[in-house]
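Student: Walk me through the labels on this one, please. I'd like to see each one set against its cut-off.

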Amino acid sequence: IRVRKAMQLAIDLHAIARDYYKGTVEPYPSTITSRDMKGWGFPYDIWPQELKDEYAYNPALAKKLLAEAGYPNGFKTNVVADTSWDKNLLPVVQSYFANIGIDMEIRPMEHNAMLTYVETDSKHELVWREYGPLGHNYSPMGAINRLHSKHLPNWLGIHDSVMDTYYPKALAATTENELKQIMKDVNERAARQHYVVCLLQPMSYTLFQPWLKGFNSQ
């Protein structure tokens, strides 16, 4: 977990929001559930300060954590990159990692081949994918499923005995408030365990002519 924390601390989310996205996104990390689903997650604005500090830009602390984890000189790794997503942001992340001694090779891969490589063969070390597990509007059960060790959508390969307890708890929930609390716990666990190097949620836009009637972009 010290390595995962170090990788997060290496990323300047505020700089990415300002310089890469030109101020069109909020510079705050997400957990599994979108902040738009009020009451169903663990949004950044209620995080304790000590957790917020783990997502702040702090390359000096990142290097210290790597050394404590047994990597004083960093390490080499690779990332399988879905070519259907943003190809320009990944080199920015690569440079941030290089600043703390992580030498990350980028391995571009066509979408379907990447899915086989990651979900079926499980040969990856890191994976770069647009629709990752963070910041979505999944149903509660669907969101929990994605991080359960026995379920196919767990393409991150997470095996966390604590996380695995949440799915049966959710199945047994009898009230909405009970299920909301379980979802909060799931999101908080994901944030504290740093399963994912969290970046930002880019804005998406749908443009169509005003004379088009009865159109649903969904």
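Student: Why is H194 called buried?
Tutor: H194 has a relative accessible area of 2%, and buried means under 20% (exposed is over 50%, partly exposed is in between, using a 1.4 Å probe and protein chains only). So 2% puts H194 in the buried class. It's found in the segment after α10.

Student: Before we go on, what kind of model is this, and how are its residues numbered?
Tutor: It's a predicted model, with residues numbered from 1 along each chain as its sequence is written. Local features need pLDDT of at least 70 and side-chain atom pairs count only at pLDDT 80 or more, while totals for chains, interfaces and linings use all residues; side-chain values use heavy atoms, with hydrogens and water left out.

Student: What makes the phi of H194 worth a look?
Tutor: Phi of H194 is near 55°, a positive value in a residue other than glycine. Most residues other than glycine have a negative phi. K22 has a positive phi too, about 55°, and isn't a glycine. Then there's G70, just after α4, with a positive phi of about 100°.

Student: Is K22 buried or exposed, and how do you know?
Tutor: Exposed: K22 comes in at 64% relative accessibility, so it clears the bar for that class. K22 sits in the loop between α2 and α3 (49-53).

Student: Where does N187 lie, and what makes that stretch a helix?
Tutor: N187 lies in helix α10, residues 176-193. Helices here are DSSP runs of H or I with at least four residues, strands are runs of E with at least two, and both are numbered from the N terminus. N187 has a relative accessible area of 0%, so it's buried.

Student: How do you know that the side chain of N187 makes a polar contact?
Tutor: It reaches the backbone oxygen of M183 at 2.7 Å. A polar contact is a pair of N or O atoms within 3.5 Å; within protein, one must be able to donate a hydrogen and the other to accept it, and residues adjacent in sequence count only if both atoms are side-chain atoms. At 2.7 Å, the N187 pair makes the cut.

Student: What else does N187 touch?
Tutor: Leaving aside its neighbours within four places in sequence, N187 is in contact (heavy atoms within 4.5 Å) with T31, I32, T33, W40, G41 and F42.

Student: Why are the buried residues of α4 said to be on the same side of the helix?
Tutor: A62, L65 and L66 are the buried ones in α4. They cover an arc of only 100° around the axis, which puts them on the same side of α4; the arc is that of the directions from the helix axis to the C-beta atoms. What covers them includes α1, β1 and β2. A62 itself is at 0% relative accessibility, so it counts as buried, and beyond residues up to four places away it touches A6, L9, A10 and I100.

Student: What makes a group of residues a nonpolar core?
Tutor: It's a set of buried Ala, Val, Leu, Ile, Met, Phe, Trp, Tyr and Cys residues joined through side-chain atoms within 4.5 Å. The largest has 29 residues, and I11, I16, F97, I102, W128, L199 and L200 touch the most other members. Its largest share, five residues, comes from α5. Apart from it lies another core, of 16 residues, among them I32, W40, M163 and M183.

Student: Why is the pair of F42 and W47 called stacked?
Tutor: Rings of Phe, Tyr and Trp (its six-membered ring) pair if their centres lie within 6.5 Å; planes under 30 degrees apart count as stacked, over 60 as edge-to-face and the rest as tilted. By this rule there are seven aromatic pairs. F42 and W47 are 6.0 Å apart centre to centre with 20° between the planes, so they pair and count as stacked. Ring pairs link Y28, F42, Y44, W47 and Y55 into a cluster.

Student: How do you know that K52 sits over the ring of Y44?
Tutor: The charged end of K52 is 4.9 Å from the ring centre of Y44. The rule asks for NZ of Lys or CZ of Arg within 6 Å of the centre and within 35 degrees of the ring normal, and K52 is listed as sitting over that ring.
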